[in-house]
Amino acid sequence: MFFSVTDSQSSIPVDKIRYDERGLVPAIIQDYLDGTVLMMAWMNKESLTKTLDTGETWFWSRSRQELWHKGATSGHIQHVHSLRYDCDSDALLIAVEQVGDIACHTGERSCFHKVDSKVIPPPADTLSQLFDVISDRRDNPTDDSYTCKLFEGGDNKILKKIGEESAEVVMACKDDDPRAIAGEVADLFYHTLVALAHHNVDLKSVYRKLQERRK
């Protein structure tokens, strides 16, 4: 089930959540824009109620046996955008806007950043992953990279490619060719992301605009 933070607390079935024998329920925290899983923590009825009342995440510390307000010390508060609970009512999924873009106490964006002892960014949506690669090419150029060559050419080269790809999307649509449309739109998305990175525009700012236009 899904609830936005604009719903009244009385509509959130706090009492219907299936807490375990300790009175706890696991809460997965996810970035509301790109879907990145940021962390997992435990909630009890009181912390869930405070989360709904304040619009910021509150958890229960099993080690300290007390409530804790995420970001109260670090400043990395999480503003809640929506809350879901699963089909068995025994797990929560909370979409948040992460202040400072840091959820982990180590300083990483996500607590799920380790793979075989290596620090690897957590999975996000495909466009965000691609944008991260493009931004890395901008910041760490290599001679054999097509993306780097686009950056070297600046707006003239990048915008020319966007114009070309836009025209090819139009032609593919006129031909009513689904496979060609998908390929040409993918090319247009890629070159548009290069333009964003070239002008230091964060992809999340585009996502925010799209969120605004959903309303």
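This passage walks through the strands, helices and selected side chains of a predicted model.

A convenient place to start is the pair of strands E2 and E3. Strand E2, residues 25-31, pairs with E3 in the antiparallel sense, and 6 bridges join the two. Within this pairing, Gln30 stands opposite Val37 of E3. The two strands form a hairpin with 5 residues between them, where Gly35 adopts a positive phi near 80°. Strand E3 itself is mostly covered, as 5 of its 7 residues are buried.

A second hairpin is built from E4 and E5. Strand E4 spans residues 58-61 and strand E5 spans residues 66-69, and their antiparallel pairing runs over 4 bridges. One of the bridge partners is Glu66 in E5, which is matched with Ser61. Here 4 residues lie between the strands, and Gln65 in the turn has a positive phi of about 55°.

Helix H1, residues 45-54, brings several of these strands together in one picture. Its residues Ser47, Leu48, Thr49 and Thr51 are buried. The buried residues of H1 pack against E3 (37-43), E4, E5, E6 (78-85) and E7 (92-98). Both ends of the helix have details worth a look. At the N-terminal end, Asn44 acts as a cap, with a side-chain oxygen 3.2 Å from the backbone nitrogen of Glu46. At the other end, H1 is followed by Gly55, whose phi is positive and near 75°. Thr49, a residue of helix H1, has a relative accessibility of 19% and therefore counts as buried, the limit being under 20%. Its C-alpha atom is separated by 23 Å from that of Cys104, a residue 55 places away along the chain.

Ile17 offers another view of this region. This residue is placed in the loop between strand E1 (2-4) and E2, and it counts as buried because its relative accessibility is 7%, where the limit is under 20%. Beyond its neighbours within four places in sequence, Ile17 is in contact with Val25, Leu48, Tyr85, Ser89 and Leu92. Leu48 is among the buried residues of H1. The C-alpha atoms of Ile17 and Asp88 are separated by 8.6 Å, although the two residues are 71 apart along the chain.

Aromatic side chains come next. A search of the whole structure returns 2 aromatic pairs. In the pair of Phe59 and Trp68, the ring centres are 5.0 Å apart and the planes meet at 45°, so the arrangement is tilted. The two partners differ in exposure: Phe59 is buried at a relative accessible area of 0%, whereas Trp68 is partly exposed at 24%. Two further tryptophans have a charged group over the ring. The charged end of Arg22 sits over the ring of Trp42, 4.8 Å from its centre, while that of Lys50 sits over the ring of Trp58, 4.4 Å from its centre.

The cysteines can be described briefly. A disulfide is a covalent bond between the sulfur atoms of two cysteines. The whole-structure search finds 0 disulfides. Cys148 is buried, with a relative accessibility of 2%, and Cys173 is partly exposed, with a relative accessible area of 43%.

Two more polar side chains complete the account. His113 occupies the loop between E7 and strand E8 (114-115). At 5% relative accessibility, His113 is buried, and its side chain reaches the backbone oxygen of Ser110 at 2.7 Å. Ser128 belongs to helix H2, which covers residues 126-139. With a relative accessibility of 8%, Ser128 is likewise counted as buried. A polar contact of 2.7 Å links the side chain of Ser128 to that of Asp125. When residues up to four places away in sequence are set aside, Ser128 touches Asp34, Leu203 and Tyr207.

Terms used
Residues are numbered from 1 along each chain as its sequence is written. This is a predicted model: local features need pLDDT of at least 70, side-chain atom pairs count only at pLDDT 80 or more; totals for chains, interfaces and linings use all residues. Side-chain values use heavy atoms; hydrogens and water are left out. Buried means under 20% relative accessible area, exposed over 50%, partly exposed in between (1.4 Å probe, protein chains only). A polar contact is a pair of N or O atoms within 3.5 Å; within protein, one must be able to donate a hydrogen and the other to accept it, and residues adjacent in sequence count only if both atoms are side-chain atoms. Contact means heavy atoms within 4.5 Å. Rings of Phe, Tyr and Trp (its six-membered ring) pair if their centres lie within 6.5 Å; planes under 30 degrees apart count as stacked, over 60 as edge-to-face and the rest as tilted. A charge sits over a ring if NZ of Lys or CZ of Arg is within 6 Å of the ring centre and within 35 degrees of the ring normal. A disulfide is a pair of cysteine sulfur atoms within 2.5 Å. Two strands pair if DSSP finds at least two bridges between them.
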